[in-house]
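Please open the structure in a viewer and keep the selection tool at hand. The tour below proceeds from stop to stop, stating what to select and what is found there.

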Amino acid sequence: MTFANLSGGRDSSAMVVRWLERGEKLDYVLFCDTGFEFAEMYEYIDKLDEYLQKRFEIAITRLDSRGEIEKWAFGQRITRGERAGQFRGLPRRLGKDYCTRETKIYPSKRFVLSKSQQKFRNCVLIGYTYAEVQRGRVSNLDYATARYPLHEWHWNERECEEFLKARGIANPLYRHFTRTGCYLCPKQSMRSLYKLFRHYPQYFQKMLEMESRANALNAVNTRFFGKGLCEIAEDFKYRQDSLISDDYAENETCFCK
């Protein structure tokens, strides 16, 4: 069976649409709902779902991961090691943490295996671009074979964006961001966080509240970034986005694009 990971970002969205336009086999398109998506992302997924059903008679399968981040951050204590008894707190900026594992990797794996136990007869399409795969970015799946169509087509972000715009299905979040994902992602760039601060203050406030909870509970990780968000917010008041870094570490971003 063939599955596609869809985050709603331009790369995975362009991958799915072009794959289907080419007449390739695709059994399921999987979107993992973390509960921390932008409102515009949910609207875009609805629009894309309608587009896929109308043109290709395939719907987006939504995997409900809402509540997982809350549970792992504040709902259950660590049971082993020197941190036993503490709450984990916020997702870490470095390395893969529970947020990606529990809201995307594990739900996708469970769904795929629920449909087919023949692990390496299953194929999962992942929207890594040509440049990313060339730099060595791959997903080591133990339940399916990963395939990277954008790499096969030599497509990068520009090709994906132009492809979606030509069909009238580009994600409007790219008006503000160069990458999309959960609004609380600690792996986002400083410019992305600045855009959140300026254009989506309600989400920035939710992140501030989570830092406050983590501190009150004496959790292991109490900050999303090196500095606390209160300090970052004070700095943002006097900055322009053109002076703020938009660098992402390729190996530190979420595995779904």
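How many residues does helix H1 have, and how far does helix H1 reach from its first C-alpha to its last? Select residues 10–21 to find out: helix H1 has 12 residues and spans 16 Å between those two atoms, close to the 16 Å expected at 1.5 Å a residue. Please bear in mind throughout that this is a predicted model.

**Stop 1: the surroundings of H1**

Keep H1 selected and display its side chains. Of its 12 residues, 10 are buried, so H1 is largely enclosed by the rest of the structure. Among the buried residues are Met15, Val16, Val17, Trp19 and Leu20. The buried set also includes Arg10 and Asp11, two residues that will return at a later stop. Next, select glycine 23, which follows H1 and has a positive phi, near 80°.

**Stop 2: H1 beside H2**

Add residues 39–56, which form helix H2. The axes of H1 and H2 come within 11 Å and cross at roughly 5°. Angles under 35 degrees count as roughly parallel, so H1 and H2 are roughly parallel. To view the contact itself, select Ser13, Val16, Val17, Leu20 and Glu21 on the H1 side, and Tyr44, Leu48, Tyr51, Leu52 and Phe56 on the H2 side. By class, this contact comprises 8 nonpolar residues, 1 polar residue and 1 charged residue.

**Stop 3: H8 across H10**

Which residues make the contact between helix H8 and helix H10? Begin by selecting residues 190–199 for H8 and residues 229–236 for H10; their axes lie 11 Å apart, at an angle of about 80°. H8 and H10 are therefore roughly perpendicular to each other. From H8, the contact is made by Met190, Leu193, Tyr194, Phe197 and Arg198, and from H10 by Leu229, Ile232, Ala233 and Phe236. These residues divide into 8 nonpolar, no polar and 1 charged.

**Stop 4: salt bridges**

The structure holds 20 salt bridges. Three of them are visited here, beginning with glutamate 24 and arginine 22, whose side chains meet at 3.7 Å, N to O. Glutamate 24 is partly exposed, with a relative accessible area of 28%, and arginine 22 is likewise partly exposed, at 44%.

Now select lysine 109 and aspartate 142, where the salt bridge has an N to O distance of 3.1 Å. Which parts of the structure does this pair tie together? Lysine 109 belongs to helix H4 (residues 98–115), whereas aspartate 142 is in the loop between helix H5 (130–134) and strand S5 (145–147), so the pair joins parts that are 33 residues apart in sequence. Lysine 109 is partly exposed at 24% relative accessibility, and aspartate 142 is partly exposed at 43%.

Move on to lysine 165 and glutamate 161, which form a salt bridge of 3.8 Å, N to O. Both lie in helix H7 (residues 157–166), 4 residues apart, and are separated by about one helical turn. Is each partner of this pair buried or exposed? Lysine 165 is exposed, with a relative accessible area of 56%, whereas glutamate 161 is buried, at 15%. Finally, add Arg10 and Asp11 to the selection: together with Glu161 and Lys165, they are linked in a network of salt bridges. Arg10 and Asp11 are the residues of H1 noted at the opening stop as buried.

**Stop 5: three loop residues**

Select glutamate 57, in the loop between H2 and strand S3 (60–64). Glutamate 57 has a positive phi of about 55°, although it is not a glycine. With 77% relative accessibility, glutamate 57 counts as exposed.

Histidine 154 is in the loop between helix H6 (149–152) and H7. Its phi is also positive, near 60°, in a residue other than glycine.

The last selection is leucine 94, in the loop between helix H3 (68–75) and H4. Leucine 94 is exposed, at 63% relative accessibility. Draw a distance from its C-alpha to that of arginine 80: the two residues are 14 apart in sequence and 21 Å apart in space.

How values were computed
Residues are numbered from 1 along each chain as its sequence is written. This is a predicted model: local features need pLDDT of at least 70, side-chain atom pairs count only at pLDDT 80 or more; totals for chains, interfaces and linings use all residues. Side-chain values use heavy atoms; hydrogens and water are left out. A salt bridge is a side-chain nitrogen of Lys or Arg within 4 Å of a carboxyl oxygen of Asp or Glu. Buried means under 20% relative accessible area, exposed over 50%, partly exposed in between (1.4 Å probe, protein chains only). The expected span of a helix is 1.5 Å times one less than its number of residues. Axes are lines fitted to C-alpha atoms, for helices over the stretch in contact, and angles run from 0 to 180 degrees between N-to-C directions. Angles under 35 degrees count as roughly parallel, over 145 as roughly antiparallel, 65 to 115 as roughly perpendicular and the rest as oblique. Contact means heavy atoms within 4.5 Å. Ala, Val, Leu, Ile, Met, Phe, Trp, Tyr, Cys and Pro count as nonpolar, Asp, Glu, Lys and Arg as charged, and the others, Gly among them, as polar.
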